[in-house]
Amino acid sequence: MPKLTIDNLEVTVPEGTNVLEAARILDIVIPHFCYHEALGAVGSCRLCAMMFLEGPVKGVQMSCMIKAQDGMVVSSTDPTAVELREHVIEWAMTNHPHDCPVCDEGGECQLQEMTVAGGHGNRRYRGKKATFTNQDLGPFVQQEMNRCITCYRCVRTYRDYCGGTDYGVLGSRNRIFYGRFQEGKLESPFSGNIIDACPTGVLTSKPFRYKTRLWDLQEAPSICPHCSLGCAIVPGGRYREVQRVRAGINRETNGFFICDRGRFGYDHVNHPERPREPRIDGQQATLEAALAAARERLAALVEAHGPDSVAFLGSSRASLEANALLRDWASAYGSTQLVYEAHQGRDYAARTLAAQVGGHARSLGDLRQSDLILLFGADPLAEGPMLALAIRQAVRDGAKVVTIDPRPVVLPCAARHLPLMPGRLPVLLAALGQGDLSAFDAEERALFAPLLDQIKAARRPVLVGGADLLGGKGVAALCSAASALSTTERAVGVMALLGGPNSYGGALLAGDGPGFDTLLDAIQERTVRALVCLESDPFCEAMDPARAQAALGHLEMLVCIDATPSLAAQRADIFLPVRANVEMAGSYINNEGRLQEFLPVIAPGLPIKETGAGNHPPREFFQTTPGSAPVADWWLLAKLLERAADLAALRRTMAKYDERFSMLSVLAAETSGLRLPVKVVLPPVADRELPHADGSDNQVLLATTGPLGSHWLAHLSSPLAATEPRPYVCLHPESAAALGLAPGDRARLTTRFGHCHVEVRLSAQMVNGLVLAPQLWDTALEGLAPGSMHDCRLEKETKA
């Protein structure tokens, strides 16, 4: 590792570190604009000049462009370098409007900081400034082009790092403009990252505009709740309202950026219909009364009908600590009816992954270093968007990507797509593991045979699977294939996209317990009389919602613990409100088995904009904060168990009695998290077959997860809800031609759930013979659980 001297201070840095980063390690501030650790160095802003006195490089150089080498002696205070930086920052500020008092970037503006650090304070230019007309870039990003200093960070983030194509640089010399050829919504699902990347107030968050000065925001490190990847985020709130989310930094997961779903999906916390008060039989009650009623009624059922008369349903949305206490509650009654995911396919996929992945688990950081990525039934942009971004970084470094999927999987990078029916995915994985493709015909063998050669030639291959299409059987085949294809020189990695932020944690707790379908059988047989739902909605999340709703109608008692206006919350006999993850401390275990902590940002309560009816401050005064009844999920369960509600003590107990969670006692926020090296027992039975085509003239519909509209928390967020699509189906062009359908046509979709009017979309990349339909909340398609298959009939609508 090279050792160099900067401003008379010695520092040893890893090979490949540039001098600017070396100075940062010594807490020496070197002004810069264009450099960003994730984007690399281009040396375009010319602001990080330093004087190189000794070593292989001498003279004034851009420190971001020079790699640290042994024996270097560098000065940041040399008069020549200081003078150059003063001139450069003065040039950059020539056309700036100096509107800091009204700029939303004020308080975290890198331009302000670097102007001071560059030694510029006297504005000498008095001429006419270049001005621009701002573009409307959609609902997420606000542009104020007059503030631009042409550092190119936004274009490098949007195009180079994120793979967007509809935003770039136009013009030349003093008329450089960053934007689109025409106004319109930015198309990239990572568009919000240009807000974080921009060092000035040119690109800011439109939903957050004019809400709060940044120094007034309450912020804390947290974990994104919208998928299973466990991305680091930093939510900000004020006035009992979450107002924005920015990307946190975790080099093992999301790196420096996040997706738009994670950035703009915070508004479920502020949802006007969010239930905030306990209820007993539909009537508002105190929390103490609701807790007592739940204890008494459940205890009476256990005494009358036995311990298994009460079932418990956990959730991938609930914290690890709450899910563990739910298990303790079931054990206290002696109940074996404990499930952690209503969607049985996702449940068995998570449990199988936790049981079999072992040392093959890979993080997003590992994936960015991979040289071969094979995706089996995984759609990253829909099921885990930051996986798509990690794949793009691997491709930029020379990796090859192949997607094997019945859907037209779209990635922000070059990839080869091989269509295959969902039921054949586990068969292909088993064949690759055995090195025997005889189960496929000659044409298919010609397609899949090169995959074996690619895996054998790769140094860091990773197999990626999706829980929705693979289920437990498919994930077992994925892990088995990785094990079989590994050698002593290199292991084949595995990553699976699971249902939620704590699916892996639920899998560890569930072990070989029953699946949700078994629980439904018990409810229909009247063995189970009561159900406790922890942040889960079995009415809508089950793989067969119609069967679930019919079975759940037999319950004598439903207890719901939730922070959203779910159907279960509306129908509950006893409802207990809990906090969202930004309102409490807790932990999640992501899809690779990484334990991570999140901290509270704000206390729960009705946002002041609601209690004040648009006025500020409110004209009414209360002894308690309106809407402050929700408590942390683990706190509520501890009270139900009549234990001390102390998070640190709870974690120590979990670490003491379950070695799998021994790292809980040393868990800390704002770290990369702790990988849990654990295995669990496998689920008890194979996945249940769902209704499928019966050989009639009907078409076969595969329900999928869409990038927008399929995610419950995101659907409850107003910035994202405004971008959700109308109901649609996707067909292969040959299938559409046989049905007399063309792109953009309106069609009538008939399933066992009823009728729906849909728009027709076509893709030649998908499997011919399927109808793809995304689950879309609050539409006729919300009953389509992702991964399920149904008979359907699709008919073109005729104009009256």
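**Strands 3, 4 and 5**

I started at Met51, which stands opposite Ser75 in strand 5. This is a predicted model, so I read every entry here with that in mind. Strand 5 covers residues 73–75 and runs antiparallel to strand 3, with 3 bridges joining the two.

Next I looked at what else strand 3 pairs with. Strand 3 (residues 49–54) also pairs with strand 4 (residues 59–62), again in the antiparallel sense, over 4 bridges. I picked out one pair there: Ala49 has Met62 of strand 4 as its bridge partner. Strands 3 and 4 form a hairpin with 4 residues between the strands. I checked the backbone in that hairpin and noted that Gly55 takes a positive phi near 115 degrees.

**Helix 9 against helix 16**

I pulled up two helix pairs. General reminder to myself: two packed helices are described by the angle between their axes and the distance between the axes.

For helix 9 (residues 344–356) and helix 16 (residues 503–510), I have an angle of about 75 degrees and axes 8 Å apart. Angles of 65 to 115 degrees count as roughly perpendicular, so helix 9 and helix 16 go down as roughly perpendicular to each other. Which residues make the contact? From helix 9 I listed Ala350, Arg351, Leu353 and Ala354. From helix 16 I listed Ser503, Tyr504, Ala507, Leu508 and Ala510. By class, this contact has 7 nonpolar, 1 polar and 1 charged residues.

**Helix 4 against helix 12**

Helix 4 (residues 153–161) packs on helix 12 (residues 385–396) at about 85 degrees, and their axes are 10 Å apart. That angle makes helix 4 roughly perpendicular to helix 12. On the helix 4 side I found Arg159, Asp160 and Tyr161, and on the helix 12 side Leu389, Arg392, Gln393 and Arg396. How do the residues of this contact divide by class? I noted 2 nonpolar, 1 polar and 4 charged.

**Cavities**

I then went through the enclosed space. The count comes to 7 cavities of 30 Å³ or more. The largest cavity holds about 520 Å³ of space. It is lined by 32 residues, and the closest to its centre are Arg346, Gly499, Ser710, His711 and Trp712. I asked which helices supply at least two residues each to this lining. They are helix 15 (467–485), helix 18 (538–541) and helix 24 (712–715). The lining of the largest cavity splits into 13 nonpolar, 12 polar and 7 charged residues.

The second largest cavity has a volume of about 110 Å³. Among the residues that line it I marked Pro225, His268, Arg317, Glu535, Tyr588 and Leu713. Its lining has 6 nonpolar, 3 polar and 3 charged residues.

**Second largest pocket**

Last entry: the second largest pocket, with about 1,000 Å³ of space. I counted 38 lining residues, of which Leu381, Val410, Pro707, Leu708 and Arg761 are the closest to the pocket centre. Helix 6 (260–264), helix 11 (380–383), strand 30 (728–731) and strand 33 (770–774) each supply at least two residues of this lining. Which of these elements gives the largest share? Strand 33 does, with 3 residues. By class, the pocket lining has 22 nonpolar, 8 polar and 8 charged residues.

Technical notes:
Residues numbered from 1 in each chain as written. Predicted model: local features only at pLDDT ≥ 70, side-chain atom pairs only at ≥ 80, totals over all residues. Heavy atoms only, no water. 1 Å grid on protein atoms, 1.4 Å probe; cavity = no way out; pocket = protein on both sides within 12 Å on 5 of 7 lines; lining within 4 Å. Points joined across faces, edges and corners; volume = space filled by probe spheres on them. Nonpolar A, V, L, I, M, F, W, Y, C, P; charged D, E, K, R; others polar. Axes fitted to C-alpha atoms, helices over the stretch in contact; angles between N-to-C directions. Parallel < 35°, antiparallel > 145°, perpendicular 65-115°, else oblique. Contact = heavy atoms within 4.5 Å. Pairing = 2+ DSSP bridges.
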